Number of protein chains: 2
Amino acid sequence: MSVSAYQSGAVLAPADVTFVTGELRPYLADLLAREQAAWQEHDAPWWDPPETLAGYLDGGKALRPRFCYWGHAIAGQGTDPLLLQASAALELLHAFALIHDDLMDDSDTRRGRPALHREFSWQHRRQGWAGNPDSYGRAVAMLTGDLAFAVAGRLASALPAPALSVWRRMVDELVLGQFLDLAGAARRDRSVEVARATTLLKSGRYTVTGPLSLGAALAGPPELPPDLSRYGDLVGEAFQLSDDLLGVFGDPQRTGKPAGEDLASGKPTQLLAYAADMLPPRGQALLARAGTPAFSRADVAELTAELSECGARARVERQVRRNVEAACALVGRAALPPRVTAALQGLALAATDRQQ
Amino acid sequence: MSVSAYQSGAVLAPADVTFVTGELRPYLADLLAREQAAWQEHDAPWWDPPETLAGYLDGGKALRPRFCYWGHAIAGQGTDPLLLQASAALELLHAFALIHDDLMDDSDTRRGRPALHREFSWQHRRQGWAGNPDSYGRAVAMLTGDLAFAVAGRLASALPAPALSVWRRMVDELVLGQFLDLAGAARRDRSVEVARATTLLKSGRYTVTGPLSLGAALAGPPELPPDLSRYGDLVGEAFQLSDDLLGVFGDPQRTGKPAGEDLASGKPTQLLAYAADMLPPRGQALLARAGTPAFSRADVAELTAELSECGARARVERQVRRNVEAACALVGRAALPPRVTAALQGLALAATDRQQ
């Protein structure tokens, strides 16, 4: 199946897409409506977390529920209520991660719209309320993230013990990955090891390996087969590498984020780790200034060009392709039903050939 | 039992204090040591969340575990591993609440030390790291809170269904209460209704009624008897009212927080709600400026004096006493073993006669 055919919808929607649109979306809508009803009792009309969260759940490719679906399909049969619950938990965990991540990075935008803390600070300004609008915006966004995390954990807590243990590891890794990301930027760490760990822990694991394992653990066996776990890490890493590339070289009109945020803050990406070895002296001097106030918009543009020229960009692109090929080969060799093999290969492509 | 004898330790430590020092503290220390071991695997030496959290768990009177202990004692016998687990979850939930609360309020201090986000931003400055030290400090503190919340939820998720349902309600109420607090300050809300709801939800419920119910739910019956639930809300409200008084009139040397933070930000406290009715015109003008940049330190001092003079302070003090008396009378009339009655009456006093 070609990626473009898949993405244009020219092929029939696979079972995981049907699961997301036909079951998960209505389940989430119903869940949030019930949260909203409980909330309205307390008469807090200036904050509508269920509505806000719905905005975070509607966009995107629902990759995590889809990986969870196939993890479940490997060992089990069809969908069951626990799969819905686990998938909803994954979507809410992702919303929490995005909201707190935007706060941690002081990002202005998300998916082409103002980041949540900006929205709330504008509400504060529009209403002429008392106090500092930016503090208010940050505080209410933080709380919205806390609530998403609480509801996600609530859904997860009702899962059977093996799934719950996968969930816990995933949450721990997400928190640690976020820390490595912050600390790597602060310390201007350009080691490949730190960049790889950050890539995997802050995003790859909870996007691919974790959801696959979660789905599998629902159906019975406590551990994902090693080949599938390896598939997950390869695709998860490639997913985040594509995201890194998109953040630097992508079209802001399509990504919904200004280009070069990661460069300006000197994030510990594999792209910059490679660049530290490959850039000529002029580029090295630019890279050394990344993350400092002296790093201008013109510097971002120049470093972007240097990253292409020195070959670091191509190296990351190759790595994405190699990871996807290796992952597809792994599931090709595994003893899986053909529809599962095809789906996992399709998802590896869908997760990494990213326009937004 | 007099409060001062109780607090000076002149009386024998009651069973709940023995539980906290003899069982809960070692349990928490062991839990954090195991977290730390898992963490060190990942080699993130510049952040030690278990050590940081230990600092948040050591101080304080462990009120929440103690209320949980007695909630359990009402229905059950002695301590069991679930009681330890629930109490540890409560302590970690409290650490999460304090850390995120300090972030939301942009507070500089906590218990006489720099607030966590300030500590991390100083670390960033000392090390001469890249990026904005304040953003870094806020981000790492936020993550530390997220981790405390995750571990708390993990402990709670293994509790039996009735206890888990108490836990969920408590977390929801805490989040909503925090929002009411932020929104009330922003909107300069001075209604008694909003102030009461905020008092109860942001702190009273998760400090008293929630822990009592959690302990009771561990032992069997899903619902706390109505009289004890009422006791919890009366003491929980009085606890937060004492905190409000302490924040305005307390000695910063003992509270570890500068006086008047709540006034400067115009928090929707019952004290200010009463003051809105009781202040003379000069005080009204001051109150109207609370929460705006025009509100100076001298204004804080003057408003503090006005709050005493107009009788609003005395009204809150009376309310604390009345709540405690009513709560003690309720448990006095309830059919409880005498040692439980005595303990709940003692705790009502200990929770509300506050110096810090």
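Here is a walk through the structure, stop by stop, with what to select at each one.

**Before you start**

This is a predicted model, in which local features need pLDDT of at least 70 and side-chain atom pairs count only at pLDDT 80 or more, while totals for chains, interfaces and linings use all residues. Residues are numbered from 1 along each chain as its sequence is written, chains are lettered from A and ligands numbered from 1 in the order in which they are written, and side-chain values use heavy atoms, with hydrogens and water left out.

**Stop 1: the two chains**

Colour by chain and look for the symmetry. A turn of 180° with a shift of 0.0 Å along the axis lays chain B on chain A with an RMSD of 0.0 Å (a least-squares superposition on the C-alpha atoms of residues with pLDDT of at least 70 in both). That is the relation of a two-fold axis. To find the axis from chain B, select Ser157(B): of that chain's residues, its C-alpha comes closest, at 2.5 Å.

**Stop 2: where they meet**

Now select the interface. You should pick up 45 residues of chain B in contact with 45 residues of chain A, contact being heavy atoms within 4.5 Å. The copies meet through the same surface, because 100% of the interface residues of chain B are also interface residues in chain A. Between them the chains bury about 4400 Å², 70% of it on carbon and sulfur atoms; that is the accessible area (1.4 Å probe) that two parts lose on being put together, summed over both.

Which charged pairs cross over? There are 2 salt bridges between chain B and chain A, a salt bridge being a side-chain nitrogen of Lys or Arg within 4 Å of a carboxyl oxygen of Asp or Glu. Show Arg154(B) and Asp172(A) as sticks: their side chains meet in a salt bridge at 2.8 Å, N to O. Arg154(B) counts as buried at 17% relative accessibility. For that label, buried means under 20% relative accessible area, exposed over 50%, and partly exposed in between (1.4 Å probe, protein chains only).

Over all chains, the whole structure has 36 salt bridges. Arg154(B) sits in helix 7 (residues 133-157) of chain B and Asp172(A) in helix 8 of chain A, so this pair joins two chains. Helices here are DSSP runs (H or I, at least four residues; strands are E, at least two), numbered from the N terminus.

**Stop 3: along helix 8 of chain A**

Stay on helix 8 (residues 161-186) of chain A and pick Val166(A). Is Val166(A) buried or exposed? Val166(A) counts as buried, at 5% relative accessibility. Beyond its neighbours within four places in sequence, Val166(A) is in contact with Gly210(A), Ser213(A), Leu214(A) and Ala217(A).

**Stop 4: helices 9 and 10 of chain A**

Next, select Glu237(A) and Arg196(A), whose side chains meet in a salt bridge at 2.9 Å, N to O. This pair links distant parts of the chain, with Glu237(A) in helix 10 (residues 226-249) and Arg196(A) in helix 9 of chain A, 41 residues apart. Glu237(A) is buried, with a relative accessible area of 4%, whereas Arg196(A) is partly exposed at 41%.

Also in helix 9 (residues 192-219) is Thr199(A), which counts as buried at 3% relative accessibility. Leaving aside neighbours within four places in sequence, Thr199(A) contacts Gly204(A), Glu237(A), Gln240(A), Leu241(A) and Gln270(A).

From there, hop to Thr269(A), in the loop between helix 12 (261-265) and helix 13 (270-278) of chain A. Thr269(A) is buried, with a relative accessible area of 6%. Not counting residues up to four places away in sequence, Thr269(A) touches Ala195(A), Asp244(A) and Asp262(A).

**Stop 5: the nonpolar core**

Select Tyr231(A) and Tyr231(B), the residues with the most contacts inside the largest nonpolar core, which has 225 residues. Such a core is a set of buried Ala, Val, Leu, Ile, Met, Phe, Trp, Tyr and Cys residues joined through side-chain atoms within 4.5 Å. Around Tyr231(A), its contacts beyond four places in sequence include Phe67(A), Val208(A), Leu330(A) and Leu347(A).

**Last stop: helix 4 of chain B**

Finish on helix 4 (residues 63-75) of chain B, whose 13 residues reach 19 Å from first C-alpha to last, close to the 18 Å expected at 1.5 Å a residue (1.5 Å times one less than the number of residues). Helix 4 of chain B is largely enclosed by the rest of the structure, because 11 of its 13 residues are buried. Among them are Arg64(B), Phe67(B), Trp70(B) and His72(B).
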